[in-house]
Structure formats: C-alpha cells, structure tokens
Amino acid sequence: MIAIIDYGLGNVKAFANVYYRLNIPSVIVKQPSDLKAAKKIILPGVGSFDHAMQLLGKSGLRQVLDEFVLHHHVPVLGICVGMQMLARSSEEGALPGLGWINGDVKEMNPSTLMHRTRLPHMGWNDVHPTQKSMLFEGLEQNARFYFLHSYYFHVHNNDDVIAVTDYGGLFTCAINSGNIFGVQFHPEKSHQYGSQLLKNFAEL
C-alpha cells in the first residue's frame, strides 16, 4: 500500500490517480492511524519551506512519520518541497527541516542563468542519473521531468546524489540515503516518465 501524505500541500489526488492507472493500491493519509498499512510513503509538497513544515507539524503526522521512516525503515519519497523538507534547513525559511538526509536547501543563483525567466526554474528538463538506482530503472536515457522551484537540495554526502539536472549549472535533483528518497521535479505531472518513476518506487 502506497501512503500519500495529505497535510494540506501537494498534488495529492494526482498521485492517487497515477497509482490508480497503474493498478497499484494507494491511500491518502490525513491522520496517523491511516499509516498502519503503509509499505511505502509519498511526501508531496508545493510552496514555501516554512509553510510546509508548519502544516506538517499541525497535521499530527510528524512524529509517526519519524517512527515509520527512521525506526521501521519504510521507504519514503519526498517530492519538490517534500524533498526539501528532508534536509536540515532551508535558506527560504527559519524552521528546521526533518533532517532525514544530511544537507541544506539553498537558493539557486540567478546570475548564472541565461534564460529570459530566470527563477523559478519552471518547465521540462532532462534528468541525468549519476549512479544506478532502482528509482530510475528504465529512465536512464532521455528522461524528462517537470520542474517548478527556485531552491535546490545541497547534499553534504555526494554518495546521496542519484541524479542531476542542468539549469545554469548542474544541481542535485534526486537523492537517496537508505530508505529515504527525494526528487525535486514533479513525477505526477511528468507523463510516462513520472508514471514509470512512481511505479519503480512502488516496486522497491
């Protein structure tokens, strides 16, 4: 069962629709008791870092997520701001993150961007795996995903980087440490590539 965390942010129904089309059981989780049957966890997110952390704290799900992810080692996939929440902190806000992966979120440098619209980084872009990962099975070549963000995850351990994207320079767009995964892009908006990635996650 894929548990899709609904704490007030993210394209929750879009994830549920993808898994429905893939014939993979999923449930939208709004309270701790709904997590009991979870074999995998999706942590979506949009908007600002502090707002996301505040809403997660108010949801009552923070403590049980720590238990499932850190103690029971249930695989989790953070999406966009959900990935950034895995970090210790963010330059976008003042609140601490979940701290599940050693790193910090930093603002992209607009002075390096030659695009007319410098920030946010919005639209389709190539994703290049940097090491073999089941998350990118079948997506090693020509995979493109939809991005919408102005901040990126600065990883302290390079071994945790599993994919990068070029936008005025390379930045980390996918991370993995043990049972904890994160992607900066939106697989739920990325057509067949996103469906394949979400299927891969379900089959880890």
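Gly169 sits in the loop between strand E11 and strand E12 (170-177), where helices (H or I, at least four residues) and strands (E, at least two) are DSSP runs numbered from the N terminus. At 32% relative accessibility, Gly169 counts as partly exposed. For this label, buried means under 20% relative accessible area, exposed means over 50%, and partly exposed is in between, with a 1.4 Å probe and protein chains only. Gly169 and Tyr152 are 17 residues apart in sequence, and their C-alpha atoms are 12 Å apart in space.

A word on what you're looking at: this is a predicted model, in which local features need pLDDT of at least 70, side-chain atom pairs count only at pLDDT 80 or more, and totals for chains, interfaces and linings use all residues. Residues are numbered from 1 along each chain as its sequence is written, and side-chain values use heavy atoms, with hydrogens and water left out.

Now for strand E11 itself, which covers residues 161-166 and holds Val161. Val161 has a relative accessible area of 10%, so it is buried. Leaving aside residues up to four places away in sequence, Val161 touches Thr130, Gln131, Val155, Thr172 and Ala174; contact here means heavy atoms within 4.5 Å. Leu139 is 22 residues from Val161 along the chain, and their C-alpha atoms are separated by 16 Å.

Ile42, in strand E3, is another buried residue, at 0% relative accessibility. Not counting residues up to four places away in sequence, Ile42 touches Ile2, Ala3, Ile4, Ile5, Phe15, Tyr19, Leu77, Ile79, Leu198 and Phe201. Val29 is 13 residues from Ile42 in sequence and 9.8 Å away in space, C-alpha to C-alpha.

Two of those partners, Leu198 and Phe201, are also among the buried residues of helix H5, along with Gly194, Ser195, Leu197, Asn200 and Ala202. What do the buried residues of H5 pack against? They meet strand E1 (2-5), helix H1 (12-21), strand E3 (40-43), strand E4 (76-79), strand E9 (144-149) and strand E13 (180-183). H5 has twelve residues (191-202) and should span 16 Å at 1.5 Å a residue, which agrees with the 17 Å between its end C-alpha atoms. The expected span is 1.5 Å times one less than the number of residues.

Next, a pair of loop residues. Most residues other than glycine have a negative phi, but these two have a positive one.

| Residue | Loop | Phi | Relative accessible area |
|---|---|---|---|
| Asn23 | between H1 and strand E2 (26-29) | near 60 degrees | 70%, exposed |
| Asn142 | between strand E8 (128-129) and E9 | near 65 degrees | 64%, exposed |

Finally, the whole chain. Its secondary structure comes to five helices and 13 strands, and 51% of its 204 residues count as buried. Among contacts between residues at least 6 apart in sequence, 71% join residues at least 24 apart. The C-alpha atoms fill a box of roughly 50 × 40 × 30 Å along the principal axes. A compact globule of 204 residues would have a radius of gyration near 17 Å, and the chain's 16 Å agrees. That radius is taken over C-alpha atoms, and the globule rule is 2.2 Å times the number of residues to the power 0.38.
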